[in-house]
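Subject: Structure handover

Hello,

Here is the structure I promised. Please open it alongside this email; my notes follow below.

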Amino acid sequence: MSSIFGPVHSRRFGTSLGIDLSSSNKQCNFDCLYCELAPAPALAHQHTITPVETILTDLKEALAKHPAIDVITITANGEPTMYPYLDYLVDEIDKIKGDIQTLILSNSACLNEPDVFTTLLKFDQVKLSLDAATPETFKKIDRPAEGIEISIIIESITRFSHVFEGKLFLEILFVKGVNDSLSEIAALERALLPISCDRIDIGTIDRPPAYAVEGLSFEELYLLSCRFDPVLPIHIVSRTHANATPSRYTDEEILTTLDKRPLSMDDIEALFDFDSKQRFKNLLEKEKIVQIERSNVIFFTPIENINRKRSK
Ligand code: SF4
């Protein structure tokens, strides 16, 4: 099976060509409740290893066929940082990628290993998962291999965020009744505040999960996002937008809502009913609401919010 897939288009990352570093079977140091792949015991190491030369040959062929690529995304049926030749592979990709960005999607579990830490610094963009901040919830949701501790992961992400020069994204996936309690959110907030990142994507289950667990509705996700300190650059990513029930908002409610948590156009489409969307447009025309960009995603926030931050 080829280790290259795509191109796929994502609004967050652009047109991406994917490299799967475990294309024949799932090899992961987690066994997350919500994984889209079948359940499998968490492993300490990869057992089936694709040769670097095979990946590079496939990649060169794919790049010749699809020249209009924004990003080469390194991922896996499992955890890509478990691939033992990742450092060499990134160096080789750098030699042929031209202006294309490199991105890795990681569960963060190996970031405390000095080799992995140094290798990830070579990427243009890094996306790290952090689903929990307490040991109990971490073990329940991510079901890690023995010896992986959430306190060490949080410490490594924080350290990495202060030296990494590229774009850093964090991702939290919420599972109903598992990591959405007030105490877990408070613990996550404490972990996130010292981390320097471009965006924190929060989402929920939107594909059949490995185990019998449920996702949150868009409204639940939105309410949960409001519990985090507004300084955190949180963005709701969820296909559950489509199932949301729009509500009526007055001008003042629109401004207060956006002040608490800037929203994207998709969020507004999902949350506001027809008349509220008209009111939102009027506020935008009167420049009481302005656009801000956070790593390819446009958000809307009251001008007052920007002025307040500028005057601090
Ligand atoms: S880290 Fe990703 S691949 Fe591994 S078990 Fe969790 S969701 Fe699945």
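How many residues lie between S1 and S2 in the hairpin they form? Three. Before going further, note that this is a predicted model.

The sheet

The hairpin belongs to an open sheet of eight strands. Its order is S1-S2-S3-S4-S5-S6-S7-S8, and the pairing is mixed. Strand S1 (4-10) and strand S8 (234-236) are the edges, each pairing on one side only. On average, neighbouring strands are turned by 25° against each other, direction ignored.

Both senses of pairing can be followed in detail. S1 and strand S2 (residues 14-20) run antiparallel, joined by five bridges. Val8 stands opposite Ser16 in S2. Strand S5 (residues 125-129) and strand S6 (residues 167-174) pair in the parallel sense, also over five bridges. There, Gln125 has Lys167 of S6 as its bridge partner.

Backbone exceptions

Most residues other than glycine have a negative phi, and most peptide bonds are trans. Three places depart from this.

- Gly6 and Pro7 are joined by a cis peptide bond, with omega at about 5°. Pro7 sits in strand S1, an edge strand of the sheet.
- Ser108 has a positive phi, near 75°. Ser108 is in the loop between strand S4 (101-106) and helix H3 (114-120). Ser108 is buried, because 28 other C-beta atoms lie within 10 Å and the cut-off is 20 or more.
- Glu287 is not a glycine, yet its phi is positive, about 60°. Glu287 lies in the loop between H10 and strand S10 (289-294). Glu287 counts as exposed, because it has 8 C-beta neighbours inside 10 Å and the limit is 12 or fewer.

So the two positive-phi residues above differ in setting: Ser108 is buried, whereas Glu287 is exposed.

Helix H10

Glu287 follows H10. Helix H10 (residues 274-285) has 12 residues, so at 1.5 Å a residue it should span 16 Å. Its end C-alpha atoms are 17 Å apart, which agrees.

The ligand

Which residues surround the ligand? They are Cys28, Phe30, Asp31, Cys32, Cys35, Leu37, Gly78, Glu79 and Asn107. By class, this shell holds five nonpolar, two polar and two charged residues. Asn107 is part of the shell, and Ser108, the next residue in number, is the buried one with positive phi described above.

Best wishes

How values were computed: Residues are numbered from 1 along each chain as its sequence is written. This is a predicted model: local features need pLDDT of at least 70, side-chain atom pairs count only at pLDDT 80 or more; totals for chains, interfaces and linings use all residues. Two strands pair if DSSP finds at least two bridges between them. Helices (H or I, at least four residues) and strands (E, at least two) are DSSP runs, numbered from the N terminus. Axes are lines fitted to C-alpha atoms, for helices over the stretch in contact, and angles run from 0 to 180 degrees between N-to-C directions. A residue is near a molecule or strand if its C-beta atom, placed from the backbone, lies within 6 Å of it. Ala, Val, Leu, Ile, Met, Phe, Trp, Tyr, Cys and Pro count as nonpolar, Asp, Glu, Lys and Arg as charged, and the others, Gly among them, as polar. The expected span of a helix is 1.5 Å times one less than its number of residues.
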